[in-house]
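Hi,

Here is the structure I promised to pass on to you. Have a look at it first, and then read my notes underneath.

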Amino acid sequence: MKYANIREEELKNNIAQDYFWMYDCAKIIGNIDFCVSIRQESVEFASQSLLWAEAKKGVSDIYLSLVQLILTIGKARTFDKHLPPPYLAAFDAQKIAFVPYSEVSEIFYMNDFNWNVTPSNYESKEFKLLHQKVKNTITEKSLLYDYQKNDRELQNFIKSNFVVGHFGVTKTRIDKNNFMIIYNKWLQAVKPKIIVNWEIAKKVGIIDGDFYLADLLSQDNITLKEKLYVLLKNDKYELDRKFNDMGLFNTSSATFSDKQKAHTQFWSIYERPPLEQYWDYIIERRDLLVPQDIRERKGSFFTPQIWVELSQKYLADTLGEDWQDEYYIWDCAAGTGNLLHGLTNKYNIWASTLDKQDVDVMHDRIQNGTNLLEDQVFQFDFLNDSFDKLPKKLREILNNESKRKKLVIYINPPYAEASNKKTLKKIEGNKGVEQSMVNKKYSKYLGQGNAELFAQFLTRIYFEIPDCLIANFSKLKIISGPHFIDFRNFFKATFKKGFIMPANSFDNVKGKFPIGFMIWNTFEKKSLTHIETDVYINSKILFSKKNFYTYYDNQYINDWIKPFRADIKKNQLIGKFPFKGNDFQNQNMIQIVHHKMNYNVEAGQFLINQKNVLTASIYFAVRKCIAASWLNDRDQFLFPNDGWSKDIEFQNNCFVYSLFTNNIQAKYGTNHWIPYSEIEVNAREKFESDFMSKYIAGKIDTEITNDLFSKVDKKEQKALKFSPHAQLVFDAGKKLWQYYHQEINKIPVSELKSELVNASLYDIREYFQGRSASRMNNSSQDETYTQLMDNLRETLKDLAAQIEPKVYEYGFLK
């Protein structure tokens, strides 16, 4: 046996060196053991895999290994993220077997198969079922080579077949799962060769994605869908097709700068067009091809079908099972109309959108059976156009008081906000967030909420379509956000029913925060106090219920802490932290740092001295002791009741928590946050500051004086008394400090810097963990340090659990 008695990693290295030395075998793709790709700089082939393989040391059943590989690929849907190779393989110390990917590709699209199992468990029913399905294929279609008996044949097979463009390399099939991956490659390979001024094109609503769709849905370089905005006609693109004033048909065209060479090379490895069953989906998902700046402005965020269906169930539960016959429906931010999927009464549905291209897509889908009326799908800029432009029947509903009460504005409006400077200006020829007619007309009502497009939608609906029902997807800011106090002052409506879901379940939406679907009756006027929503992780699992509370002026935690700020004119500062929002989404930004550090300067700064260090610690611990999640991301920290001021144990727990979770760094100046004396940790030199150890011992005057280290004279201060949980943190921290000083005491005196002696906890972590580029490494090779740090973190976790219930008891959170 050629590769006997070696580990799997060594076997993979040997196979790479002996048989695939001409190729790149270093790529790691998911949980696939072994990948081979071509060494080529060409953009279109740069990431082309030639082989994915399963490796086994010793001798194995090679066909079971192939089944394991198929299960690994199917579980991770690797083919959605990476273009699949022409071959799959499995090898061990004796042999290797190849099977064409095309022979097993259909298996990945089984709808009734549970892929969520451990691929290496050969005894699972899923593994056995998959083995049964592919057994005949892999035994009949696979090519098996023994390294010793068939070495030359194996070498020749690899040389002849592992070439991009060779007959043996199957063209990649395009479907709804990989068309975006291929689009990103198209952007690099083909787009630069199309002679178009893209900035001017975007101003008239043409995007590069329209050219990609023309390519994708073509055969022999002729686009098959005539109603696309751009068509491919052999060696050029046609667009802006219309009749002129003389009744003649005119078109504009775009050609290639390289005589279509890059275009031909790129599409030579893909099978066009996709199966027809995917056409409507791909056209409908044009939103995925919209550049980010335009997407934010126009709201091209496709609502996943699971939430569309659930929202319609909630509407039926609220309005009755015959609601579609008894109510009118207008989606005034329809995009390509996917929110209206599943609705049955097309005579009661209107859909409008900003883009003519989206209207064209909906009209095309109507021709192919979508349940909408073409005359009731129209172009309309809801934030700028007059209602005089609306279809006559829809205007009649808006102008009739009784019919308005039967109108449901059913929308997932744009989420753009003016915190991004680009959105303050005109974007690609369109009005910016704060330049809309609605914002100018209602700015006094919107206040700071005018920075959000979805709030502008809701405001126009509320004032100009009074007494209607609103069923909207949006962020939860309107309920509890401090910038929406003005909005809440005018928006009087009854919350009927709703649910929330993770934002990242939407395509192109990043971040961990909730998006809500909320049904409002604006005829039933009611001030907002709170809403209770259902919580879904997916559409089938009702996870829990969640309350969102409404707050007004001077009710937030930053309103509470601001009066405690230190006076910057008095030279007694020991640290600072930024005022950054009042909610969990800003948790990572709240850090206690050295007062001379340039950190988050655009936010307000809370300056810390000996008088307010305890209050600052309470604020910091309250905001940090509970982990942020998508579910609590918009929860607001509040102005507390007075209970905290009488609870000494709570105060000292917060103090200790902050003492061991701050980001003070000695390189910015004197570190006043060392909790121990030099004697306690066996330091080689005297610390520059013993403020914190004396503060803990009750030997620092907490009244303002001219000397930070003023000793207690008239007013007797008491030593801080720690709870058992706080004492465990303090003791674990001492062992860490002692070990650190034990290690740096080994450094020659001539090399020992002051920063090392006066190290903060952050500095100690950095000393043992080191840095990579601009960030601290996540771990250390020093096992003793790692154990001490783990112990400290565990005690901090337990201390946080003691603080958390008090956070709610004292009203810092609801």
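Below is what I found in it, going from the sheets to the helices, a cavity and two backbone details.

One thing to keep in mind while you read: this is a predicted model.

**The nine-strand sheet**

Let me begin with an open sheet of nine strands, whose pairing is mixed. Its strands follow one another in the order S15-S14-S13-S16-S17-S19-S18-S20-S21. At the edges you will find strand S15 (377-379) and strand S21 (541-549); each has a single partner strand, so one side of each has no neighbour in the sheet. From one strand to the next, the twist averages 20 degrees.

Several of the pairings in this sheet can be followed residue by residue. Strand S13 (residues 328-331) is a handy place to start, with S14 and S16 as partners. Three bridges link S13 to S14, and the two run parallel; here Ile329 faces Ile349 of S14. S13 also pairs with S16 in the parallel sense, again over three bridges, and Ile329 has Val408 of S16 as its bridge partner. Moving on from there, strand S16 (residues 407-411) is joined to strand S17 (residues 469-474) by four bridges, also in the parallel sense. In that pairing Val408 stands opposite Leu469 of S17. If you want to click through the sheet, you can therefore step from Ile349 to Ile329, from Ile329 to Val408 and from Val408 to Leu469.Two helices lie over this part of the structure. Helix H15 (356-367) lies across strand S14 (349-353) and S15, and its direction is at about 165 degrees to S15. Helix H20 (residues 453-464) lies across S16 and S17, running at about 180 degrees to S17.

**The five-strand sheet**

There is also an open sheet of five strands, in the order S1-S2-S3-S4-S5, with mixed pairing. Strand S1 (34-37) and strand S5 (143-146) are at its edges, and each has a single partner strand, so one side of each is left without a neighbour in the sheet. The twist here averages 20 degrees from one strand to the next. S1 and strand S2 (residues 49-55) run antiparallel and are joined by four bridges, with Ser37 standing opposite Ser49 of S2. Helix H6 (residues 151-161) packs on this sheet and touches strand S3 (87-91), strand S4 (95-100) and S5. The direction of H6 makes about 135 degrees with that of S5.

**A helix pair**

Two packed helices are described by the angle between their axes and the distance between the axes. For helix H31 (residues 761-769) and helix H32 (residues 783-809), the axes come within 11 Å and cross at roughly 145 degrees. The crossing of H31 with H32 is left-handed. On the H31 side, the contact is made by Leu761, Ile764, Arg765, Phe768 and Gln769. H32 contributes Tyr785, Met789, Leu792 and Arg793. By class, the residues of this contact are six nonpolar, one polar and two charged.

**A cavity you may want to look at**

How many cavities of 30 Å³ or more does a search of the whole structure find? The search finds five. I looked at the second largest, which has a volume of about 120 Å³. Its lining consists of Asp210, Leu213, Lys225, Lys227, Leu228, Tyr229, Ile283, Arg286, Gln357, Asp360, Val361 and Asp364. Six of these lining residues are charged, five are nonpolar and one is polar.

Which helix gives the largest share of that lining? It is H15, with four residues. Helix H9 (208-216) and H15 each supply at least two residues of the lining. You have met H15 already, as the helix that lies across S14 and S15.

**Two backbone details**

Most residues other than glycine have a negative phi, and most peptide bonds are trans. Two places in this model depart from that pattern. The peptide bond from Arg272 to Pro273 is cis, with omega near -10 degrees. Pro273 is in the loop between strand S12 (270-271) and helix H11 (279-284). The other place is Asp220, a residue other than glycine with a positive phi, near 55 degrees. Asp220 is in the loop between strand S7 (218-219) and strand S8 (222-223).

That is everything I have for you on this one. Happy browsing!

Best wishes

Conventions
Residues are numbered from 1 along each chain as its sequence is written. This is a predicted model: local features need pLDDT of at least 70, side-chain atom pairs count only at pLDDT 80 or more; totals for chains, interfaces and linings use all residues. Side-chain values use heavy atoms; hydrogens and water are left out. On a 1 Å grid over the protein atoms alone, a cavity is a set of points where a 1.4 Å probe fits but cannot get out, and a pocket is an open set with protein on both sides within 12 Å along at least five of seven lines; lining residues have an atom within 4 Å of a point. Grid points are joined across faces, edges and corners, and a volume is the space filled by probe spheres set on the points. Ala, Val, Leu, Ile, Met, Phe, Trp, Tyr, Cys and Pro count as nonpolar, Asp, Glu, Lys and Arg as charged, and the others, Gly among them, as polar. Two strands pair if DSSP finds at least two bridges between them. Axes are lines fitted to C-alpha atoms, for helices over the stretch in contact, and angles run from 0 to 180 degrees between N-to-C directions. Contact means heavy atoms within 4.5 Å. A crossing is left-handed if the near helix is turned anticlockwise from the far one by less than a right angle, and right-handed if clockwise.
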